[in-house]
Amino acid sequence: MANRTLRSLVFLLVMAAGLSARVFAEDGYDLWLRYQPLAAPVQAELRQAAAHIVAPGARTPTLQAAVDELVRGIGGLARQVPAIPESAESGAILLVKPDTLPGNLKGKVSFDGLGQEGYRLLSLGGAQTLIAANSDIGLLYGSFALLRHLQTGGGLQGLDISDSPRLQRRMLNHWDNPDRTVERGYAGQSIWDWWKLPDHLDARYTDYARANASVGINGTVLNNVNAKAEMLTPRWIEKAAAVADVLRPYGIRVYLSARFSAPFELGATATADPLDPAVRDWWAKKADEIYATIPDFGGFLVKANSEGQPGPQDYGRSHADGANMLAAALKPHGGIVLWRAFVYSETDATDRAKQAYAEFKPLDGQFADNVTVQVKNGPIDFQPREPIHPLFGAMPETSVTAEFQITKEYLGFATHLAYLGPMYEEVLKTDTFRGGEGQTVAKLLMAEPLSGIAGVANIGSDRNWSGSHFDQANWYTFGRLAWSPEGSAADIAREWAAMTFSRDREVIDKITGMMMASREAVVDYMTPMGLAHLMGTGHHYGPAPWVNDLARPEWNPAYYHRADAGGIGFDRTATGSNAAVQYAAPHAALYGNRQTVPPELLLWFHRAGWDEALPSGRTVWAELVYHYDRGVAAVGTMRRTWAGLEVRVDPARFRDVSDFLAIQEQEAIWWRDACLAYFAAVSGRALPPGTRLPAHPLSWYQAQQFPYAPGHP
Ligand code: BDP
């Protein structure tokens, strides 16, 4: 008996120990909203200065969310939960709008320039801090901004910061399917537990909303662009409405991807022709039905006549005909159409990089005013590096939205550390030279009447949301740059590292250093010098530059690199496809000229002989080898830097990242070896003396198969 009691006691103790370890171990769920206690003296100051949270006026769900977040945040940072009195003279954070400003402050606080979503953080002295905004959502954004400020080492003294978003629509695009798989998802299943919706609302939806609101994301497309018609049936609209209800207080609108042939596929019409009255009527009624359930529904995202998806061209109509038909249905409700420009057709033999521009440019001016054309950052497809898309700035009479990929379909899935901030920044800061010098992509986006930016989400059911701890940074930086497209990727990385890992300056420096070097490392070990699309067929995992037997030419890596005994690269100048002339004249000249093309885009625009000398002093062949080696070496450096942080980062996350960096190094070597084995064979050249030989013969790399690679539709 006594023995049994003892055994149960031991069992209970073991359970309790296990439980507390689970409760306290960092597992990444908290993202950048960890609110870990500040250093003792700062904590004490904050306890005084933020002892109260005062939020006068009607307690809307949005204002409540702001108060809750401040309570949670300050409770963590200061280790003291603030009180929420009706008013407080000192030791208070006040959330105020023009109509709720306390009498003694009337006329003393300016809300100018904050717009509908901006905020102002202002120290009043006497231990009062204002979060001022014109709307509740501005107050929520301001609350998150204040917490960010505190989390990254800022204090409440002398504070006067105003900020507001430069783009109207800052959106995530989920490529999530109704069966909960995620196209190009590497973070588990879809976050949307469709089957249990609308009756069960996973607590994650609220945390998702908090995370998005913390960076200002205000729209989300719930389902895959390769959309199922069923998503527009009442049963699924109800599920979307339940999600919309959770996201609404956080300022996030729900959108749906619409399958163009839905009325026909659902058996309601005999065709999906956008000019057919019955079809138009079906979409108008569908919009009415959706808005009756989701009053602030954002609109439709559409992939049409691309990669086998149905579209208006199936009926001899144009993209504008298709988009405008949907726009007319949404217009009475204030909704918009995001019509994707990612098109390429099996019947078009021209350079794939030219097709979107060729199809869309002539339609400029024909789109309704509630349509925006959503353009991928580059002309091919989310590659580690591409030049900007030539459509940026080329359609002055049409609203254009930029589309980035946050999920790393082409940059090593979840296991490679690749911080995408520098890539987004590179695109946003590129001068389009449209309408004069200085017209960067960011500036053009900000000037659009329907302005916006979209990112293909990397969020799933994994405990850490994004499949890896560092991939959280890509969600974060996307949101921050969507808010402020001229922001700096390095600053954002520092901010993220401080909130996510440690406030120790040395740790921040090291993590930021790793992040800032990581994207170029991937470019180097996968597709250096302007190469693109050398990935494995279908799943896009690992190298396969040798593939040249797929049904459509532009599915083959060999189509992109064009390597043979004579040289390598895609001639997109006047002697080749002439894609360069789709850019504004200064760019066309720059890219089209072998002497002036940026070295990182050489093989994108030019074909070069293997033995041609480059400004680096190396031949093209030696340069290629140099880049592949440099990429592998950079991953080694990241691993060493991380190893040096062992005692400075919590053990569970430290181990996760270490494991992934080891995978990344193996795979970087695999990429380098496979590509060099292949290019050596086609070029008939030996690796330069002193270069490490690939670990296996080319045939070994060619024989690798990955039938269960994730994210593959
Ligand atoms: C490609 C993806 C494919 C997407 C497509 C798109 O491989 O899964 O459906 O982009 O953007 O990169 O529509």
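**Ligand site and domains of a predicted model**

An oxygen atom of the ligand lies 2.9 Å from an N or O atom in the side chain of R184, a polar contact (N or O atoms within 3.5 Å). This is a predicted model, in which local features need pLDDT of at least 70 and side-chain atom pairs pLDDT 80 or more, while totals for chains, interfaces and linings use all residues. Residues are numbered from 1 along each chain as its sequence is written, and side-chain values use heavy atoms, without hydrogens and water.

**Ligand surroundings**
- E183 also makes a polar contact, with an N or O atom of its side chain 2.4 Å from a ligand oxygen atom.
- For N226, the separation between a polar side-chain atom and an oxygen atom of the ligand is 3.0 Å.
- The ligand exposes 320 Å² when taken alone, and the protein buries 97% of that area (Shrake-Rupley method, 1.4 Å probe).
- Around the ligand there are 14 residues (a heavy atom within 4 Å).
- Those that come nearest are E183, K303, R340, D381 and E409.
- This shell consists of 8 charged, 4 nonpolar and 2 polar residues (Asp, Glu, Lys and Arg count as charged; Gly counts as polar).

**Backbone features in one loop**
- R184, the ligand contact named at the outset, belongs to the loop between β6 and α5 (DSSP runs: helices H or I of at least four residues, strands E of at least two).
- Although R184 is not a glycine, its phi is positive, at about 60°.
- P198 is likewise placed in the loop between β6 (169–173) and α5 (203–215).
- The peptide bond joining L197 and P198 is cis, with omega about 0°.

**Annotated domains**
- An unreviewed UniProt entry lists residues 150–465 as "domain: Glycosyl hydrolase family 67 catalytic"; such annotations may be inferred rather than shown by experiment.
- Across residues 150–465, helix makes up 27% of the chain and strand 14%, with the end C-alpha atoms 24 Å apart.
- The unreviewed entry also gives "domain: Glycosyl hydrolase family 67 C-terminal" for residues 467–689.
- Across residues 467–689, the chain is 54% helix and 2% strand, and its end C-alpha atoms are 40 Å apart.

Conventions. Polar contact = N/O pair within 3.5 Å; in protein donor to acceptor, adjacent residues only side chain to side chain.
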